[in-house]
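User: I would like to go through this model by question and answer. Please keep it brisk.

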Amino acid sequence: MSNPKKIAIYGKGGIGKSTTTSNLSAALSDLGYKVMQVGCDPKNDSTNSLRHGKNIPTVLDTVRSRSNDFEKVIHEGYNGILCVEAGGPEPGVGCAGRGIIAAIELLDNNGIIDDYNPDVVIYDVLGDVVCGGFAIPIRQGLAEQIYTVTSSDYMAIYAVNNLFKGILKYANSGGGLLGGIIGNSITNSAQKEMIKDFSERTGTDVIKYVPRSPIVTKCELDGMTTIEGAPDSDQAEVYRELARRVISNKNKFVPEPFDADDLMDWGSTWINRLLLEQKVTYDGIQNSGAGV
């Protein structure tokens, strides 16, 4: 049995991290890889689009029920993808990171990953929270590569910069290193250039830009990934190219994050350009008579 390629994907809530992760998993499965996706978010919705919108019992549900039937936490999704949801506490009670700790301990200590023998394991991790549970894939080197999903929104990049600080903290003690940045929801060249500039200034790289597309939203409303719901679309091919790049990527960066004040100064240098390009795009639409 060969060791699976283990990666973790982080990103600010609402940035499209789980959408990107699920389409990456679906694309990898279409390329012939056996994939396991582990949702590490207390919302328990990482794998929904791989299972036609259906929720699955979580690892914490199984732990709370004192069940020893650990097979209950593995559910097949699109094209045989193995789906796991860590789960979380009841709202307002307990630690959200506990679900990740429980999931990782259960999967590792009971040899569940070895039993299923996947080629790729993808941990989909909430990137807003910096508590110990959410940092486990980084600090324990559980994932050999860390990817982060971001848009050109300042707070999304702020979350990425915090993630870089976590990677840097554990880089010399066996922690996971950065595989690259995934630019998501891209609509114009200024957004691409801003993310590229951020990557260059932090000693990292952008592995792929994913354009904003209504096809993604339509497929999600149908309970599917774009790979499944619109396989012949340009957007599906973007995700396939992302999958090809991720599976072949050997890069492991130790990022050089901004200090907080420097990040704010850097962000302020980009805001006028982003606003100008947005205005040009808006005016162009209006002048064409097509409306918004």
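**Burial, charge pairs and cores**

Analyst: Ser151 has a relative accessibility of 11%, so Ser151 counts as buried. The model is a predicted one.

User: Where does Ser151 lie?
Analyst: Strand E6 spans 145-150, and helix H6 spans 154-170. Ser151 sits in the loop between E6 and H6.

User: Which residue has its backbone nitrogen 3.1 Å from a polar atom of the Ser151 side chain?
Analyst: Ser151 also has contacts beyond four places in sequence, among them Ile15, Asn184 and Ile195. The 3.1 Å distance runs from the Ser151 side chain to the backbone nitrogen of Asp153.

User: How many residues apart in sequence are the parts that Glu144 and Lys5 tie together?
Analyst: The side chains of Glu144 and Lys5 form a salt bridge, 4.0 Å from N to O. Glu144 is in the loop between helix H5 (132-139) and E6, while Lys5 is in strand E1 (residues 5-11), so the pair ties together parts of the chain 139 residues apart.

User: Is Lys5 buried or exposed?
Analyst: The cut-off for buried is under 20% relative accessible area. Its partner Glu144 is at 32%, so Glu144 counts as partly exposed. Lys5 is at 12%, so Lys5 counts as buried.

User: How many salt bridges does the structure hold?
Analyst: Side chains of opposite charge can pair when their charged atoms come close. One of the bridges joins Asp222 and Lys218 at 3.1 Å, N to O. Asp222 is partly exposed at 42%, and Lys218 is exposed at 55%. The total for the structure is eleven.

User: Which residues are joined into one network by salt bridges that share partners?
Analyst: Arg244 and Glu237 meet at 2.5 Å, N to O. Arg244 is partly exposed at 31%, and Glu237 is partly exposed at 36%. Salt bridges with shared partners make one network of Glu237, Arg240, Glu241, Arg244 and Arg245.

User: Which helix gives the largest share of the largest nonpolar core?
Analyst: The largest nonpolar core has 51 residues, and Tyr123, Ile146 and Phe198 have the most contacts inside it. The largest share of this core is six residues, and they come from helix H3.

User: How many residues does the second, separate core have?
Analyst: Tyr123, from the largest core, is in contact with residues including Ile7, Ile9, Val38 and Leu142. Ile9 belongs to the second, separate core, as do Leu28, Val120 and Ile182. That second core has 29 residues.

User: What is the angle between the planes of Phe164 and Phe198?
Analyst: The structure holds five aromatic pairs. Phe164 and Phe198 form a stacked one, 5.7 Å centre to centre. It links helix H6 to helix H7 (residues 189-201), with the two rings' residues 34 apart in the chain. Both are buried. The angle between their planes is 20 degrees.

User: Is the pair of Phe258 and Trp266 stacked or tilted?
Analyst: Phe258 and Trp266 are both buried. Together with Phe164 and Phe198 they form one aromatic cluster. The ring planes are 35 degrees apart, and stacked requires under 30 degrees. The pair of Phe258 and Trp266 is tilted.

User: Which residue lies over the face of Tyr170?
Analyst: A charge sits over a ring only within 6 Å of the ring centre. The residue here is at 5.9 Å from the centre of the Tyr170 ring. It is Lys169.

Terms used
Residues numbered from 1 in each chain as written. Predicted model: local features only at pLDDT ≥ 70, side-chain atom pairs only at ≥ 80, totals over all residues. Heavy atoms only, no water. Helix = DSSP H or I, 4+ residues; strand = E, 2+ residues; numbered from the N terminus. Buried < 20%, exposed > 50% of the residue type's maximum accessible area, 1.4 Å probe, protein only. Polar contact = N/O pair within 3.5 Å; in protein donor to acceptor, adjacent residues only side chain to side chain. Contact = heavy atoms within 4.5 Å. Core = buried A, V, L, I, M, F, W, Y, C linked by side-chain atoms within 4.5 Å. Phe/Tyr/Trp six-rings, centres within 6.5 Å; stacked < 30°, edge-to-face > 60°. Lys NZ or Arg CZ within 6 Å of the ring centre and 35° of its normal.
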